[in-house]
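Here's a quick briefing to keep beside you while you turn the model around on screen. Have the sequence handy too.

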Amino acid sequence: MTVKKFLAGPFGTNCYLAVNDDTKEAVIVDPASLPENLIECVDREEIRIQAVLLTHAHFDHIMGIDAVLERYGQMPVYVHQEDVGMLEDAFLNLSGGCGMDYTFPHGEAVRDGQALSLAGFEFLVFHTPGHTPGGVCYYVESEGVLFSGDTLFQMSIGRTDFPGGSASQLIRSIQEKLLILPGDTQVYPGHMGTTTIKEEKGFNPFL
């Protein structure tokens with residue numbers, strides 16, 4: 001697997017392509033927009049996007065969904081069942097408060113522990129509430145890769161002051177679901193830089 005990062009959307013969200021080097025199939029994680037450099041990469045390398053994975057349904061992670069589907073065809077858009085309502089409501093996903101009013105009514109609900117077989121990999125769903133009720137991380141054990149969304153950042157954690165947030169719940173999610181992973185697991189967060197479980201377990205001041 002090759003993980004390609006693109007800054008997307010109005011807040012520079014980390015949008016990822018997780019690419020199977022052998023088949024050129026891929027999934028896209030958190031398309032806040034469809035940036036031009038991502039389009040150029042997909043076209044140049046003839047990448048075939050198979051699915052959209054959402055770590056949660058805040059507007060700065062979802063507003064590129066329609067553009068992805070319009071350009072690359074219909075595909076499943078996965079979101080945790082507890083964030084489905086947020087995906088469908090501009091007030092709940094915070095886009096309404098920014099004058100953008102974005103919704104997407106066709107999310108496919110996933111649950112904790114579910115394994116999604118996509119692009120030749122198994123993406124294991126970890127339900128990690130605290131930033132949002134339906135926040136998730138996607139773990140690819142065979143590649144030692146974790147897409148942590150706004151649950152775990154490089155030397156930080158996600159905000160918990162939005163509706164449905166809970167600091168105690170977020171810390172518990174990280175401790176019980178993420179810090180037990182192998183230390184060399186590469187962590188790809190929704191904002192800021194890439195890190196590892198070992199680095200966060202040893203030095204993250206919030207943990």
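What follows covers the nonpolar cores, the aromatic pairs and one strand with its partners.

Keep in mind that this is a predicted model. Its largest nonpolar core has 30 residues, and the aromatic pairs come to five.

**Nonpolar cores**

- Start with the core of 30 residues, where Leu 17, Ile 28, Leu 38, Ile 47, Leu 54, Ile 65 and Leu 87 have the most contacts inside it.
- Plenty of elements chip in: strands S1 (2–8), S2 (13–19), S3 (25–29), S4 (48–53) and S5 (77–80), plus helices H1 (36–45), H2 (65–72) and H3 (84–87), each supply at least two residues.
- H1 gives the most to this core, with four residues.
- Click on Leu 17 and, leaving aside neighbours within four places in sequence, you'll find contacts that include Phe 6, Val 27, Ile 28, Leu 38, Val 42, Ile 47 and Ile 49.
- Apart from this core lies another one, of 22 residues, with Met 1, Leu 116, Ala 119 and Tyr 188 among them.
- As a rule of thumb, nonpolar side chains in soluble globular proteins tend to be buried together.

**Aromatic pairs**

- Phe 11 and Phe 59 have ring centres 5.8 Å apart and planes at 80 degrees, so this pair is edge-to-face.
- These two come from distant parts of the chain, 48 residues apart: Phe 11 sits in the loop between S1 and S2, and Phe 59 in the loop between S4 and H2.
- Is each ring buried or exposed? Phe 11 counts as exposed because its relative accessibility is 51%, while Phe 59 is buried at 6%.
- Tyr 16 and Tyr 188 also make an edge-to-face pair, at 5.5 Å centre to centre with 75 degrees between the planes.
- That pair links distant parts of the chain as well, with Tyr 16 in S2 and Tyr 188 in strand S13 (residues 186–189), 172 residues apart.
- Tyr 16 is buried at 2% relative accessibility, and Tyr 188 counts as buried at 15%.
- Add Phe 147 to Tyr 16 and Tyr 188 and you have one aromatic cluster.

**Strand S5 and its partners**

- Val 77 and Val 79 point one way from S5, Tyr 78 and His 80 point the other way, and all are buried.
- S5 pairs with S4 in the parallel sense over two bridges, and Val 77 in S5 stands opposite Val 52.
- S5 also pairs in the parallel sense with strand S6 (residues 108–110), over three bridges.
- Here His 80 stands opposite Val 110 in S6.

Notes: Residues numbered from 1 in each chain as written. Predicted model: local features only at pLDDT ≥ 70, side-chain atom pairs only at ≥ 80, totals over all residues. Heavy atoms only, no water. Core = buried A, V, L, I, M, F, W, Y, C linked by side-chain atoms within 4.5 Å. Buried < 20%, exposed > 50% of the residue type's maximum accessible area, 1.4 Å probe, protein only. Contact = heavy atoms within 4.5 Å. Phe/Tyr/Trp six-rings, centres within 6.5 Å; stacked < 30°, edge-to-face > 60°. Pairing = 2+ DSSP bridges.
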